[in-house]
Amino acid sequence: MPNKRGYFITLEGGEGSGKSTQIKKLDAFLTEQGVSHHITREPGGSPAAEEIRHVLLSGQTDKWDSISETLLFSAARRNHLTQVIWPKLEKGIWVISDRYADSTMAYQGYGRNDHLLSRSDIEVLYRITAGDFKPDLTFILDIDPQKGLERAQKRAHLDRMEGQNLSFHENLRRGFLDIAAREPNRCVVINADQPENLVHAEILTALKERLHVC
Ligand code: Z5A
């Protein structure tokens, strides 16, 4: 666990919710404000975790069951935390991550729904991986899954997760909204079904209100 001085901010949401687009805008804003920060992503963000990312995201949709998948995401996360996130935060550098542990709960806990792994199992695994450490602030970009998938399909070929059926994506959305309802002090739900600049403006408003910075 780090002796933390920087803020840890995560962006979460379903397919095509626009996280990457918003992270680029947040990156530009923080640079303009002179805030020392690091942009990263999960799965991945450190060399070993990027190797696990490749293993996780390629191949057939049924390549892993939810237990194997969650263990792999957790191994990648542990490496990302110890090698990148915690050292940066200790130096006072803010860390902004495109996805983090809420994606595990939403995708493996709600989306997969194969009843192999309970949500409390996922919480236990998170505690083993990261202890009490949590993001300071999480933006959940919320969009109707059908619209999000249409956006994602325009962009490129679908990867292993994106290829799942619509009910998977509807479960995901429910998962993210449940997490936000359970942890209102950490999570802010942002309506992602509006023009990019309006989404960005909502994110900045919440950032200023919640962290009292910038
Ligand atoms: N996963 C998991 O299962 N368990 C875990 O614990 C973790 C992850 C950590 C990582 O995929 C996969 O791993 C992910 C969850 C799973 N599942 N999938 N797939 P990834 O990192 O390759 O991809 P992603 O995170 O899902 O999404 P992305 O590719 O980064 O897309 P995005 O961030 O949601 O959206 P975008 O690239 O910013 O925008 C998508 C398109 O929409 C693009 O053409 C934009 O120009 C457009 N866009 C963006 N914003 C707007 C607005 N406001 N209006 C209109 N169009 C827009």
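## Around the ligand and between the helices

Biologist: Let's start at the ligand: how many nonpolar, polar and charged residues does its shell have?

Modeller: Keep in mind that this model is predicted. Sorting the shell by class gives eight nonpolar residues and 10 polar ones. The charged class makes up the rest of the list, at 12 residues.

Biologist: And how many residues surround the ligand, and which are the closest?

Modeller: The shell counts a residue when one of its heavy atoms lies within 4 Å of the ligand. By that cut-off, 30 residues surround the ligand. The closest are K19, S20, T21, T104 and R155.

Biologist: Which helix gives the largest share of that shell?

Modeller: Several helices chip in: α1 (19-32), α2 (47-57), α3 (66-90), α4 (101-111) and α6 (145-155) each supply at least two residues. The largest share is four residues, and the helix they come from is α4.

Biologist: Which residue has a backbone N or O atom 2.9 Å from a nitrogen atom of the ligand?

Modeller: Polar contacts are N or O pairs within 3.5 Å. On the oxygen side of things, one ligand oxygen is 3.2 Å from a polar backbone atom of G18, and a ligand oxygen is 2.9 Å from a side-chain N or O atom of R53. For the ligand nitrogen, the partner at 2.9 Å is a backbone atom of Q194.

Biologist: How much of the ligand's accessible area does the protein cover?

Modeller: On its own, the ligand has 1100 Å² of accessible area. The part covered by the protein is 83%.

Biologist: Moving on to helix packing, are α2 and α3 roughly parallel or roughly antiparallel?

Modeller: Their axes are 8 Å apart and the helices pack at about 160°. Angles over 145 degrees count as roughly antiparallel. The crossing is left-handed, and the angle makes α2 and α3 roughly antiparallel.

Biologist: What about α4 and α5, which way does their crossing go, left-handed or right-handed?

Modeller: Helix α5 spans residues 119-130, and it packs against α4 at about 150° with the axes 10 Å apart. That angle makes the two roughly antiparallel. As for the handedness, the crossing of α4 and α5 is right-handed.

Biologist: How are α4 and α7 set relative to each other?

Modeller: Helix α7 covers residues 166-182, and its axis comes within 8 Å of that of α4. The two cross at roughly 130°, and this crossing is right-handed. With that angle, α4 and α7 are therefore oblique.

Biologist: Now the loops: which peptide bond is cis?

Modeller: Look in the loop between β2 (37-41) and α2, where P43 lies. Omega there is near -10°. The cis bond runs from E42 to P43.

Biologist: And what is the phi of R99?

Modeller: R99 is in the loop between β3 (94-98) and α4. Although R99 is not a glycine, its phi is positive, at about 80°.

Key: Residues are numbered from 1 along each chain as its sequence is written. This is a predicted model: local features need pLDDT of at least 70, side-chain atom pairs count only at pLDDT 80 or more; totals for chains, interfaces and linings use all residues. Side-chain values use heavy atoms; hydrogens and water are left out. A polar contact is a pair of N or O atoms within 3.5 Å; within protein, one must be able to donate a hydrogen and the other to accept it, and residues adjacent in sequence count only if both atoms are side-chain atoms. Accessible areas come from the Shrake-Rupley method with a 1.4 Å probe; for residues, only the protein chains shown count as cover. Ala, Val, Leu, Ile, Met, Phe, Trp, Tyr, Cys and Pro count as nonpolar, Asp, Glu, Lys and Arg as charged, and the others, Gly among them, as polar. Axes are lines fitted to C-alpha atoms, for helices over the stretch in contact, and angles run from 0 to 180 degrees between N-to-C directions. Angles under 35 degrees count as roughly parallel, over 145 as roughly antiparallel, 65 to 115 as roughly perpendicular and the rest as oblique. A crossing is left-handed if the near helix is turned anticlockwise from the far one by less than a right angle, and right-handed if clockwise.
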